[in-house]
Amino acid sequence: MGSMFRSEEVALVQLFLPTAAAYTCVSQLGELGLVEFRDLNASVSAFQRRFVVDVRRCEELEKTFTFLQEEVRRAGLVLPRPEGRLPAPPPRDLLRIQEETERLAQELRDVRGNQQSLRVQLHQLQLHAAVLGQGHGPQLATAHTYGASERTPLLQAPGGPHQDLRVNFVAGAVEPHKAPALERLLWRACRGFLIASFSELERPLEHPVTGEPATWMTFLISYWGEQIGQKIRKITDCFHCHVFPFLEQEEARRAALQQLQQQSQEMQEVLGETERFLSQVLGRVQQLLPPAQVQVRKMKAVYLALNQCSVSTTHKCLIAEAWCATRDLPALQEALRDSSAEEGVSAVAHRIPSRDMPPTLIRTNRFTASFQGIVDSYGVGRYQEVNPAPYTIITFPFLFAVMFGDVGHGLLMFLFALAMVLAENRPAVKAAQNEIWQTFFGGRYLLLLMGLFSVYTGFIYNECFSRASSIFPSGWSVAAMANQSGWSDAFLAQHTMLTLDPNVTGVFLGPYPFGIDPIWSLAANHLSFLNSFKMKMSVILGVVHMAFGVVLGVFNHMHFGQRHRLLLETLPELTFLLGLFGYLVFLVIYKWLHVSAASAASAPSILIHFINMFLFSHSPTNRPLYPQQEVVQAMLVVLALAMVPVLLLGTPLHLLCRHRRRRRRPTGRKEDKAGLLGLPDASVNGWGSDEEKAGGLEDEQEAELVPSEVFMHQAIHTIEFCLGCISNTASYLRLWALSLAHAQLSEVLWAMVMRIGLGLGREVGVAAVVLVPIFAAFAVMTVAILLVMEGLSAFLHALRLHWVEFQNKFYSGTGYKLSPFTFAATDD
């Protein structure tokens, strides 16, 4: 069988890698992605392994790469993608990469530090020039004097006690939100022996760290006395104010201002040269960083894989164990031979036996990946267990479409998925980071089939945006009814609802060629007709789906050599399922084919017959469908109930008998040898289900058979299957319920939006103005409610039907995936 039907055969391979060629061999295996290494040093700490020093060097380099990447992002640049596939560099190249990277990082740190220092100096010069140019001097004569009365002279008379005091100035800048607090604190601390003037800068200055424009508040404080000056300087230091020298003479201030402007211009030129040099350094970082990151990641991955290997006693080679697909063994041998040829030695690989369950390997492509993901979300299959994914490709979109059947809605979904499929190779589509878009894009082929199947079931239901279409002529004729029933004008005036009788000749001309006749959309009992049709259809689909799941279990039993399960489990399960619910499907189809329109009024009820079947009784008012119906029903119930003890006791008794026979039979040396060697096919049968842990194992494992556990597992399986047949069959009625809900919701949306809009105006101009917003609202609600919400609901219910009702009949999902050692993620 193909790999999609069941997982590929996987073997445990032992690799002997010479020390000189071990790095090259593992690097080549990482490029191919063929093997999954097993950790042979699980008991050894990560700090005590052979290549821990090399791993640390790679991690230190990654820290430097992170710094460079942040600097590139800070500059608003983007790192280009590395061109082509870069192999893991030889170990000797690690020193070269480390030196180049550290030199670039140090150079970038120096340039960044110089740039930051120049920006701070330029900011100080601009701020000093702004303080000198604010014009605080002329305002000092009219400034408000804190703490002095209006009658007190501003300056003392000559010859007074303060004639030796002179006026001093403190000028600077402070952030605007700190200015009020600074002003209040100066007043309270200095008790009014100062004159302060605050003014906001007209033009904001660039912040030296963030680069964003920031406003500043300049101030000029005049005071008397050295003690007051000390207090003012301490307060300004506490508020982190920028304080600058302030000259008293106007001419000196103008000269200082011109000098500051000239220094600022020179500083800007130096800063421009520094930024140009910084851009050159960042350009070199952009060239070096992408390939270096890929190479160092690959090198680190190689060393981590080598740390999982053990060292031979002679320390001349490394020994590794890995899982590899059997079909990839020739490619593995060739890769090892080519990688070790340059060193003059040869790496060796050979299969070894294993008692562990191998990992599961199922190769997928773009089309099958989304369907395999649905199965793996439930659980990864056991090794070489039947894979439900090939059947899910058909059954999942179909069951979804049964609940979502509408030509218009299915066509919209199909076109959306088709657009993603046609644009799947575009780089912009692949690089999109939106999680919702990635979810839709990953399941584009699933959406494509879901939309296509919905169009098909929409034609079956004859629904397009809840409207029926007459593709073919209707099978019902009103003219024949009018001609033969004698409807008069008075009768038509009194009866608004007319009934078509199929027993009248010429009224029913034959079944509609495809799907449901459009005349049912005009019938008053439209919902009742669809209820009956879709409910019976759901039961038929459910029983067929579950029976197919039981049949797939046959392939598992045949493959694992558990042929006794065919008679002790599969046959009783099919008998129980088909004897009860398969018979219900037979009653539905038989009634469709046997009961005619003439006898439809007196047709028996299938539900009452099915209830009487379990009660071993009959109803006088419900006539049988065929002769000897009660006898057949009683035999089917007895046969189904007889299968319960077979399911419950058959497999445990068989295992116990086989276990006793093997314990009594002497074990030969040949059997011991086969058990020790573990030939490739000798251990395949060892991975049975939980209730049969010994199916195909050797004598030492047969001795571990515990009867209580076997009986307990089989009892759980029997109860789960028998009760599950009832609950699972009822669970398929969700196909009926969601299909009716989708149709009725679509009908409500049409009646409450489009029908009202179409009836508002009959003139062309009025209709054109009204229908534009009406149709826009209808389109938005159709996409949001019917496509997204209803589509998600139908998707989840179809997912539940596959996981619970279908897969649990044959699929355990207790395995684990083969995770090969590959550089594919590093290259991406």
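How many helices and strands does the secondary structure of the protein come to? In this predicted model, the count is 25 helices and eleven strands. Of the 828 residues of the protein, 44% count as buried, and the protein exposes about 44,400 Å², of which carbon and sulfur atoms supply 60%. Among contacts between residues at least 6 apart in sequence, 83% join residues that are at least 24 apart.

The salt bridges offer a way into the details of this arrangement. A search of the whole structure finds 29 salt bridges, including one in which the side chains of E8 and R363 meet, with 2.5 Å from N to O. E8 lies in the segment before β1, the strand of residues 10-18, whereas R363 lies in the loop between β11 (348-352) and α8 (369-378), so this pair ties together parts that are 355 residues apart in sequence. E8 is buried, with a relative accessible area of 8%, while R363 is partly exposed, with a relative accessible area of 32%.

A second salt bridge also involves the loop between β11 and α8. Here the side chains of R38 and D356 meet, at 2.9 Å from N to O. R38 belongs to strand β2 (residues 35-38) and D356 to the loop, so the pair ties together parts that are 318 residues apart in sequence. R38 counts as partly exposed at 24% relative accessibility, and D356 likewise counts as partly exposed, at 38%.

A third salt bridge connects two helices. K300 forms a salt bridge with E59, and the closest N and O atoms of the pair are 3.8 Å apart. Because K300 lies in helix α6 (residues 250-306) and E59 in helix α2 (residues 52-74), the pair ties together parts that are 241 residues apart in sequence. K300 is buried, with a relative accessible area of 17%, which falls under the 20% cut-off for that class, whereas E59 counts as partly exposed at 35% relative accessibility. Salt bridges can also share partners, and in this way E8, R327, D328 and R363 are joined into one network.

The cysteines give another view of the model. How many disulfides does a search of the whole structure find? The search finds zero disulfides. C725 is accordingly in no disulfide, and the nearest cysteine sulfur, that of C722, is 6.5 Å away; a disulfide would need the two sulfur atoms to be within 2.5 Å, so a separation of 6.5 Å does not qualify. C725 counts as buried, at 0% relative accessibility, and C190 is buried as well, with a relative accessible area of 1%.

Helix α16 allows a check of helical geometry. This helix covers residues 526-559, and its 34 residues should span 50 Å at 1.5 Å a residue. The C-alpha atoms at the ends of α16 are 50 Å apart, which agrees with that expectation. Just after α16, G561 takes a positive phi of about 70°.

Methods: Residues numbered from 1 in each chain as written. Predicted model: local features only at pLDDT ≥ 70, side-chain atom pairs only at ≥ 80, totals over all residues. Heavy atoms only, no water. Salt bridge = Lys/Arg side-chain N within 4 Å of Asp/Glu carboxyl O. Helix = DSSP H or I, 4+ residues; strand = E, 2+ residues; numbered from the N terminus. Buried < 20%, exposed > 50% of the residue type's maximum accessible area, 1.4 Å probe, protein only. Contact = heavy atoms within 4.5 Å. Areas by Shrake-Rupley, 256 points an atom, 1.4 Å probe, with all protein chains shown as cover. Expected span 1.5 Å × (residues − 1).
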